[in-house]
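This briefing is meant to be read alongside the sequence and the coordinates. Please keep both open while following the points below, which are grouped by topic.

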Amino acid sequence: MGNCFGSQTVDPNSSSSKPNSSTRLYTPGTSSNYSNGGGFSATSSSAGLTHFSAAASAASDDTCLTRDILPTPNLKIYSFHDLKNATRNFKSDMVLGMGGFGTVFKGWVDEKTLAPAKFGTGMMVAIKKLNSESIQGFEEWQAEVNFLGRLSHANLVKLLGYCWDVNELLLVYEFMQKGSLENHLFRRISVIQPLSWDIRLKIAIGAARGLAFLHSSDKLIIYRDFKASNILLDENYNAKISDFGLAKLGPSGGKTHVTTRVMGTYGYAAPEYIASGHLYVKSDVYGFGVVLLEMLTGLRALDTKRPNGKQNLVDWVKPLLSHRRKLIPILDARMDGQYSSKVLSQVSQLTLRCLEEDPRKRPSMKEVVELLEPMEAMKEKPKESKNRPML
Ligand SMILES: Nc1ncnc2c1ncn2[C@@H]1O[C@H](COP(=O)(O)OP(=O)(O)OP(=O)(O)O)[C@@H](O)[C@H]1O
Ligand SMILES: [Mg+2]
């Protein structure tokens, strides 16, 4: 989930950030105060809390559909006690991962009623618990419920329910067996199998369909935080987009963009958005291009441990995308020999288009899907490996 503040807000030049994770972008906005009318209130004041500052305007930033939790008939409402039971009191051995919003635990609920179930019975779910230090947490939690709670698509992670209790905000999601794309691409540990070229293509297509759906929905939605850690994978590597904490309704009334505080993640955010706070639908396409680049190279969008000039993946690799001889040595060696030169060239060209400086020159996500889908069917025998480039 988008994290833009507090203890998880990090200086992009510091290596002491959340291990193996991306760093966040955030420009200070106004303070806001929310109450559920039942005793809970969360105050958000970003002043002085972030290390990031960009030349963006802090215009009105109604991140959510409204400032309330809208009726969401399909969501189960849990008490904190319910979710304590479902996670064995948030035991440390139930932790699935940690993000800027808080800690994600596994838990069990009844398959039909979604009521909390005993350990190991019913259906496994992922339960995200807001970290008390998260200052923007309420707004992001609210956006998640208001957006994801009313959307349904095969490539969006399913939000099953939430808890809004005194001082406690939690979200309950379908469990995604294979975790995040980020873990698969960047965690070099033996339990995680390297992703093959075919699986990467499948993930790219799934994620592209998810974004295309958001961009074509009735109320156009800009996702704003597209990155490898927000792409979750089920047991068959079907990709689903998670974390709608930064999602925004797109422009209306003939406008091309919405103006917002700059929030997102370093390395993924589109240049026009960072420079001006102008958020276009095509700003998401740029983020998609960055993830394509990460999948091609197996390298993080931003890594301060790389030498100067190579820390930002786009700055480093984008100029090489149309020069196969220079590109091939940078491709992820774990896919060596698995791709045909024709498909590689098509993916490189598509990546380049997604990363265009001018948002108008980027393809729509619908076009991206249409270009990627036929590539999956092209199972031509690979003619080259990294060691034997055929140029
Ligand atoms: N629905 C889920 N099913 C299985 N694992 C999940 C699920 N949601 C999250 N996780 C695990 O928890 C980790 C943390 O997720 P979270 O969304 O809180 O943070 P993040 O995406 O890594 O970072 P950020 O806060 O920057 O978005 C993920 O990397 C993933 O391993
Ligand atoms: Mg996330």
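At what angle do helix H9 (residues 341-354) and H10 pack, and how far apart are their axes? In this predicted model, the angle between H9 and H10 is about 165°, and their axes lie 11 Å apart. Since angles over 145 degrees count as roughly antiparallel, H9 is therefore roughly antiparallel to H10.

**H9 against H10**

- The crossing of H9 and H10 is left-handed, and the contact is formed by Val343, Gln346, Val347, Leu350 and Cys354 on the H9 side, with Val368, Leu371 and Met375 on the H10 side.
- Sorted by class, the residues in the contact of H9 with H10 are seven nonpolar and one polar, with no charged residue.

**H4 against H10**

- Helix H4 (residues 197-216) packs against helix H10 (residues 365-377) at an angle of about 155°, the two axes being 9 Å apart, and H4 and H10 are therefore roughly antiparallel to each other.
- The crossing in which H4 passes H10 is left-handed.
- From H4, the residues in this contact are Leu201, Lys202, Ala204, Ile205, Ala208, Arg209, Leu211, Ala212, His215 and Ser216, and they meet Met365, Lys366, Val368, Val369, Leu372, Glu373, Met375 and Glu376 in H10.
- The contact of H4 with H10 comprises eleven nonpolar, two polar and five charged residues.
- Val368 and Met375 of H10 appear in the contact with H4, and Val368 and Met375 also take part in the contact with H9.

**H4 against H6**

- H4 also packs with helix H6 (residues 281-297), here at an angle of about 175° and with the axes 11 Å apart, so H4 and H6 are roughly antiparallel to each other.
- In this pairing, Arg200, Ala204, Ala208, Leu211 and His215 of H4 meet Val281, Asp284, Phe288, Leu292 and Met295 of H6, and the contact has seven nonpolar, one polar and two charged residues.
- Ala204, Ala208, Leu211 and His215 of H4 meet residues of H6, and Ala204, Ala208, Leu211 and His215 are likewise among the H4 residues that meet H10.

**The surroundings of ligand 1**

- There are 25 residues around ligand 1, and of these Gly97, Gly99, Gly100, Ala126 and Met176 come nearest.
- Two or more residues of the shell around ligand 1 come from each of strand E5 (95-98) and strand E7 (123-130), and E5 gives the most, with three residues.
- The shell around ligand 1 is made up of eleven nonpolar, twelve polar and two charged residues.
- Both domain 1 (21-174) and domain 2 (179-377) supply at least three residues each to the shell around ligand 1.

Definitions and conventions. Residues are numbered from 1 along each chain as its sequence is written. Chains are lettered from A and ligands numbered from 1 in the order in which they are written. This is a predicted model: local features need pLDDT of at least 70, side-chain atom pairs count only at pLDDT 80 or more; totals for chains, interfaces and linings use all residues. Axes are lines fitted to C-alpha atoms, for helices over the stretch in contact, and angles run from 0 to 180 degrees between N-to-C directions. Helices (H or I, at least four residues) and strands (E, at least two) are DSSP runs, numbered from the N terminus. Angles under 35 degrees count as roughly parallel, over 145 as roughly antiparallel, 65 to 115 as roughly perpendicular and the rest as oblique. A crossing is left-handed if the near helix is turned anticlockwise from the far one by less than a right angle, and right-handed if clockwise. Two residues are in contact if their C-beta atoms, placed from the backbone, lie within 7 Å. Ala, Val, Leu, Ile, Met, Phe, Trp, Tyr, Cys and Pro count as nonpolar, Asp, Glu, Lys and Arg as charged, and the others, Gly among them, as polar. A residue is near a molecule or strand if its C-beta atom, placed from the backbone, lies within 6 Å of it. Domain bounds come from an automatic or database domain assignment.
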